[in-house]
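This report is a first guide for a reader who has not met this structure before. Please look at the sequence and the model together, and follow the text from the strands outward.

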Amino acid sequence: MSTGCDDGDTPENQVRKYIQAGSDAVEKRDVSDVKDLISEKYNDTHGNDRQMVLRMLTGYFLRNKNIHLLIDIQSIYFPDDQHAEVQLIAGMAGQSASDFATLLDIRANVYKFDLRLIRDDDEWKLVNARWSIANREDLFD
């Protein structure tokens with residue numbers, strides 16, 4: 001899976017494609033594709049490294065036969081040309097939903113993510129993530 005940098009692509013478009021590739025990999029329940037998107041240097045405030053995140057995802061995939069995501073990218077910021085910071089809301093459910101109101105009606109899991117990406121060998125990789133349960137204000141600002 002390539003989420004590399006295309007000469008005709010802006011950094012913002014590259015990051016948006018990266019987020020879409022991650023969403024597609026999770027919906028397909030493909031640990032290998034997700035692994036390709038995470039830096040070997042990954043760490044987070046929960047004490048997880050890359051292997052632990054992949055183990056958590058594998059468990060989630062085993063418990064959930066169907067995974068549907070609804071992603072709302074709230075912001076993309078580039079502190080420099082090698083790093084990107086992304087804030088997004090992700091709704092996760094066992095069935096498809098067209099909007100976040102529908103996700104709340106079916107009691108889906110909705111989280112707010114702060115992601116830090118690094119450009120590694122001309123591809124974006126996740127190097128750090130923070131997440132929390134999203135509240136109504138996050139969804140309907």
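In this predicted model, Ser-75 stands opposite Gln-87 in strand β2. The two strands concerned, β1 (residues 68–80) and β2, run antiparallel and are joined by 10 bridges. The connection from β1 to β2 is a hairpin of 2 residues. On the next pairing, β2 and β3 are also antiparallel, with 10 bridges between them; here Ala-84 stands opposite Leu-117 in β3. Strand β2 spans residues 83–93, and 8 of its 11 residues are buried, so β2 is largely enclosed by the rest of the structure.

These strands belong to a protein with 5 helices and 4 strands. Along the sequence the elements follow the pattern α-α-α-β-β-α-β-β-α. Of the 141 residues, 42% count as buried. Among contacts with a separation of 6 or more, 54% are accounted for by residues 24 or more positions apart.

**Aromatic residues**

A pair of aromatic rings is described by the distance of the centres and the angle of the planes. The whole structure holds 3 aromatic pairs. In one of them, the rings of Phe-113 and Trp-131 have centres 6.4 Å apart and planes at 40°, so this pair is tilted. The pair links distant parts of the chain, since Phe-113 lies in strand β3 (residues 109–120) and Trp-131 in strand β4, 18 residues apart. Tyr-111 joins Phe-113 and Trp-131 in one aromatic cluster. The two members of the tilted pair fall into separate classes of accessibility: Phe-113 counts as buried because its relative accessibility of 18% is under 20%, whereas Trp-131, at 28%, is partly exposed.

**Individual residues**

The table gathers the relative accessibility of four residues.

| Residue | Relative accessibility | Class |
|---|---|---|
| Ser-23 | 9% | buried |
| Asn-128 | 13% | buried |
| Phe-113 | 18% | buried |
| Trp-131 | 28% | partly exposed |

Asn-128 is found in strand β4 (residues 123–133). What does the side chain of Asn-128 reach at 2.7 Å? Its partner is the backbone oxygen of Asn-43. Beyond its neighbours within four places in sequence, Asn-128 is in contact with Tyr-42, Asn-43 and Asp-44, and also with Asp-114, Leu-115 and Arg-116. Asn-43 therefore appears both as a contact of Asn-128 and as the residue whose backbone oxygen its side chain reaches, while Asn-128 itself is buried because 13% is under the 20% limit.

Ser-23 lies in helix α1 (residues 11–27). With its neighbours within four places in sequence set aside, Ser-23 is in contact with Leu-69 and Ile-71. Its relative accessible area of 9% makes Ser-23 a buried residue.

**The largest pocket**

The largest pocket has a volume of about 810 Å³. Its lining consists of 26 residues, and Val-26, Val-53, Leu-57, Met-92 and Phe-113 lie nearest its centre. Helices α1 and α3 (50–63) each give two or more residues to this lining, as do strands β1, β2, β3 and β4. Which residue of the tilted pair lies among those nearest the centre of the largest pocket? That residue is Phe-113, whose ring is paired with the ring of Trp-131.

How values were computed
Residues numbered from 1 in each chain as written. Predicted model: local features only at pLDDT ≥ 70, side-chain atom pairs only at ≥ 80, totals over all residues. Heavy atoms only, no water. Buried < 20%, exposed > 50% of the residue type's maximum accessible area, 1.4 Å probe, protein only. Polar contact = N/O pair within 3.5 Å; in protein donor to acceptor, adjacent residues only side chain to side chain. Contact = heavy atoms within 4.5 Å. Phe/Tyr/Trp six-rings, centres within 6.5 Å; stacked < 30°, edge-to-face > 60°. Pairing = 2+ DSSP bridges. 1 Å grid on protein atoms, 1.4 Å probe; cavity = no way out; pocket = protein on both sides within 12 Å on 5 of 7 lines; lining within 4 Å. Points joined across faces, edges and corners; volume = space filled by probe spheres on them.
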